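Student: Could we go through the side-chain contacts in this one together? I'd like to begin with the charged residues and then move on to the helices and the rings.

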Amino acid sequence: MVPQEILRDLFPQTPMVEITITSGCLFFVYSLVFGFLMGMYYELFRILRRLLPENTIAVVVEDILFCLSVTVLYICLVYCANYGFTRSYSLIAAFTGFYLYLKTLGELIKCMHEKMTELIKGFYSRIKEGSQRSVKNFKKYIKSGKCKKSRNGSK
């Protein structure tokens with residue numbers, strides 16, 4: 001093994017951070033939880049896509065926002081939990097956590113959201129049909145002339 005003093009002389013600007021097995025395992029768990037939470041965060045974008053009209057530009061903007069925000073959050077995780085040193089197992093754990101969310105809780109929420117969306121759209125279409133029918137009846141009433149008779153003072 002190379003003594004720490006020699007390494008510090010060779011690389012004076014590199015901090016000598018000792019990563020133990022415990023801290024590596026904790027970082028792995030943090031990354032796994034991070035991926036799971038990013039799956040939940042992705043759910044917000046999935047819900048927005050279902051509620052908003054389909055538009056290619058909007059989808060691209062949403063994807064860019066999601067990727068940039070996840071990247072910034074991952075950098076914060078690496079900086080805070082592992083002194084700024086990223087590890088390949090951390091990325092694998094984050095992707096695994098994301099995948100686990102999508103295949104477990106994400107599927108359940110997706111089904112619930114689809115049912116809720118169908119209910120809301122059905123309710124909205126009934127309200128829309130009812131209001132259109134009311135407007136049509138009101139226009140017929142105005143055109144029939146009954147409205148003018150009541151305004152002239154005749155009862």
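**Charged contacts, helix packing and rings**

Tutor: A good place to begin is the salt bridge in which the side chains of Arg 49 and Asp 63 meet, with 2.1 Å from N to O. This pair connects distant parts of the chain, since Arg 49 belongs to helix H2 and Asp 63 to helix H3, 14 residues apart. Please keep in mind that the model is a predicted one.

Student: Which residues do the shared salt bridges join into one network?

Tutor: Salt bridges with shared partners bring Arg 49, Glu 62 and Asp 63 together in one network. Within that network, the side chains of Glu 62 and Arg 49 meet at 3.2 Å, again from N to O. Because Glu 62 lies in helix H3 (residues 56–82) and Arg 49 in helix H2, that pair ties together parts that are 13 residues apart in sequence.

Student: And is Glu 62 buried or exposed?

Tutor: Glu 62 counts as buried, at 10% relative accessibility, whereas Arg 49 is partly exposed at 28% and Asp 63 is partly exposed at 33%.

Student: How many salt bridges does the count come to?

Tutor: The count comes to three salt bridges, and one of them is formed by Glu 43 with Arg 46, whose closest N and O atoms are 3.8 Å apart.

Student: Why are Glu 43 and Arg 46 separated by about one helical turn?

Tutor: They are separated by about one helical turn because they are three residues apart in helix H2, which covers residues 21–51. As for accessibility, Glu 43 is buried with a relative value of 4%, and Arg 46 is buried as well, with a relative accessible area of 17%.

Student: Switching to the helices, at what angle do H2 and H3 pack?

Tutor: The angle between H2 and H3 is about 160°, and their axes are 11 Å apart. Because angles over 145 degrees count as roughly antiparallel, H2 is described as roughly antiparallel to H3. The crossing in which H2 passes H3 is right-handed.

Student: What residues make up the contact of H2 with H3?

Tutor: The residues in the contact of H2 with H3 divide into 17 nonpolar, three polar and three charged.

Student: Now the rings: how many aromatic pairs does the count come to?

Tutor: It comes to 10 aromatic pairs. Among them is the edge-to-face pair of Phe 27 and Tyr 89, with 6.3 Å from centre to centre and 80° between the planes. Here too distant parts of the chain are linked, with Phe 27 in helix H2 and Tyr 89 in helix H4 (residues 88–103), 62 residues apart.

Student: Is Tyr 89 buried or partly exposed?

Tutor: Tyr 89 is partly exposed, with 26% relative accessibility, while Phe 27 counts as buried at 0%.

Student: What about Phe 34 and Tyr 74, how are their rings arranged?

Tutor: The ring centres of Phe 34 and Tyr 74 are 5.8 Å apart and the planes stand at 55°, so this pair is tilted. Since Phe 34 lies in helix H2 and Tyr 74 in helix H3, the pair ties together parts that are 40 residues apart in sequence. Phe 34 and Tyr 74 are both buried.

Student: Last one, which residues do ring pairs link into a cluster?

Tutor: The cluster linked by ring pairs consists of Tyr 41, Tyr 42, Phe 45, Phe 66 and Phe 98.

Methods. Residues numbered from 1 in each chain as written. Predicted model: local features only at pLDDT ≥ 70, side-chain atom pairs only at ≥ 80, totals over all residues. Heavy atoms only, no water. Salt bridge = Lys/Arg side-chain N within 4 Å of Asp/Glu carboxyl O. Helix = DSSP H or I, 4+ residues; strand = E, 2+ residues; numbered from the N terminus. Buried < 20%, exposed > 50% of the residue type's maximum accessible area, 1.4 Å probe, protein only. Axes fitted to C-alpha atoms, helices over the stretch in contact; angles between N-to-C directions. Parallel < 35°, antiparallel > 145°, perpendicular 65-115°, else oblique. Left-handed = near helix turned anticlockwise from the far one by under 90°. Nonpolar A, V, L, I, M, F, W, Y, C, P; charged D, E, K, R; others polar. Phe/Tyr/Trp six-rings, centres within 6.5 Å; stacked < 30°, edge-to-face > 60°.
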